[in-house]
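Me: I would like to learn how to read strand pairing and helix packing in a model, taking one feature at a time. Could you go through them with me?

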Amino acid sequence: MKKNDIIRLQIVDMTSDGSGVGRADDGTVVFVPDTALNDVCDVRILKVKKNLSFGKIENIITPSADRVDPVCPVSTRCGGCVYRHLHYSAELRVKQKKVYDAVVIIGKVDGGKVKEIIGADDRTDRYRNKAQIPVSLNKNGEVELGFYSRHSHRIAPCDDCLLSPLIFTQLSAMFKDFLSKYPYLVYDEENHSGKIRHLYLRIGESTGEVMLCVVVNGKSFDHQDEFFSSIKEEFPQVKSAVINVNTAKTNVILGEKNIVVYGKESITDILCDLKFELSPLAFYQVNRVQAQRLYEKAREYAQLTGDEVLIDLYCGTGTIGLSMAKDCKELIGVEIIDKAIENAKKNADNNNINNASFICGDATVAADKLKKEGIKPDVVVVDPPRKGLTEELIHTIVQMKPERVVYVSCDPATLARDLKLFEELNYSVKEITPVDLFPRTAHVESVVMMSKKPSP
């Protein structure tokens, strides 16, 4: 097999990133994006490695029963929605299997403990409360807004992302019109010149408040009064207009400093009956409705009665822990980002929660410090980044001897690895529930309940 060969494949499996998997006549495994289980396709080979290859659809011979026509015109170019070509029920099956395979094969968990995925019902579009939209000039010098193509830093132009609310589309259009008058303002990543890097938008779904943040290579940009005045006049929902200062030569979107142009520094949303202040840098789940379902499942698994000490590791702005605070005696949150801890403390105050304290520090180090101070949690909740927990942290949690551990995961593979170690250290998995927090994308969350095994 060589590059540009065209071969016929039947798709027999799906990868964790949403690509279909087929096997060529010579046994080579071929990965093909935008395919569905049981598709029969002619595939053009794009890249050949020793035991596997990558291709793209040349022609669909027999379409899968799972296949639908994508409603988004850029879904095959944008790096976001890898399942636009599937019925949503088929997408949920793929995500359920992704979690099941990981925890059973890697984690050695009994597959019967994996419950049915919590889907997003009929709300698979317009659910995002945040958008980070890069800006560039195309080869003709025209302004482009959109999203990065798969595995690249090339922008796939997109005037209306179907995952975002319509007001984001309207604000993006006004922003594009403004930049088209002054294209010299657009940031050039290669030369680190120009001013405007990204448009960053947030909305408090329950309040309707909108934040508009322009990420700038500097503290201001030419004609900004003209732009912000037009926004203020036409979009009264924008309660926070901010310049985020990012002068670094980096792919990181946001800088550390924010300058409020008008309105408030943050907007407000309500989640699990609690009020949360959202600053530009504050972490907040992008799908509020599904986040509530995720947190409700985590609270169910925590089995709180009101007498427990609860430790919330990787607490961010405190959303998970604070949603459980009324059901426990004491809440201790840990997060390494100092701004998030500030937000968590403020969120506790705003909701009159008096039994919560928050520590700024690395989760592994802070947990060890709490253990040495003699803190004995009844329940530990962890919500780590994709890389999962460190071995040291798992050992520390086990040494603190909580009755239950609730693990919220955004990566089934690292979750499975960590569950295996917990099992070896005398904690058993009782139940796992996948949650589709990001419909149409490759991501899937999971919530796990573990409990300490009885002493022999």
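Me: In which sense do strand 18 and strand 19 pair, parallel or antiparallel?
Reply: In this predicted model, strand 18 (residues 379-382) and strand 19 (residues 404-409) pair in the parallel sense over four bridges. To place the pair residue by residue, take Val 380, which stands opposite Val 405 in strand 19.

Me: In what order do the strands of that sheet lie, and which strands stand at the edges?
Reply: The sheet is an open one of seven strands, in the order 17-16-15-18-19-21-20, and its pairing is mixed. Strand 17 (356-360) and strand 20 (427-435) each have a single partner strand, so one side of each is left without a neighbour in the sheet. From one strand to the next, the twist averages 15°.

Me: Which strands does helix 8 lie across?
Reply: Helix 8 lies across strand 15 (309-313), strand 18, strand 19 and strand 20, and runs at about 175° to strand 15.

Me: How should I read the packing of helix 7 with helix 8?
Reply: The general idea is that two packed helices are described by the angle between their axes and the distance between the axes. Here the axes of helix 7 (residues 363-372) and helix 8 (residues 391-400) come within 9 Å and cross at roughly 25°. Because angles under 35 degrees count as roughly parallel, helix 7 is roughly parallel to helix 8. The crossing in which helix 7 passes helix 8 is left-handed.

Me: Which residues make this contact, and how do they divide by character?
Reply: Helix 7 contributes Ala 363, Thr 364, Ala 367, Asp 368, Leu 370 and Lys 371, while helix 8 contributes Glu 392, Leu 393, Thr 396, Gln 399 and Met 400. By character, the residues of this contact divide into five nonpolar, three polar and three charged.

Me: What is the order of the open sheet that contains strand 8 and strand 12?
Reply: That open sheet of seven strands has the order 8-7-6-9-10-11-12, with mixed pairing. Strand 8 (155-157) and strand 12 (257-263) stand at its edges with a single partner strand each, so one side of each is left without a neighbour in the sheet. The twist in this sheet averages 35° from one strand to the next. Within it, strand 9 (residues 196-203) and strand 10 (residues 210-216) pair in the antiparallel sense over seven bridges, and His 198 stands opposite Val 215 in strand 10.

Methods:
Residues numbered from 1 in each chain as written. Predicted model: local features only at pLDDT ≥ 70, side-chain atom pairs only at ≥ 80, totals over all residues. Heavy atoms only, no water. Axes fitted to C-alpha atoms, helices over the stretch in contact; angles between N-to-C directions. Helix = DSSP H or I, 4+ residues; strand = E, 2+ residues; numbered from the N terminus. Parallel < 35°, antiparallel > 145°, perpendicular 65-115°, else oblique. Left-handed = near helix turned anticlockwise from the far one by under 90°. Contact = heavy atoms within 4.5 Å. Nonpolar A, V, L, I, M, F, W, Y, C, P; charged D, E, K, R; others polar. Pairing = 2+ DSSP bridges.
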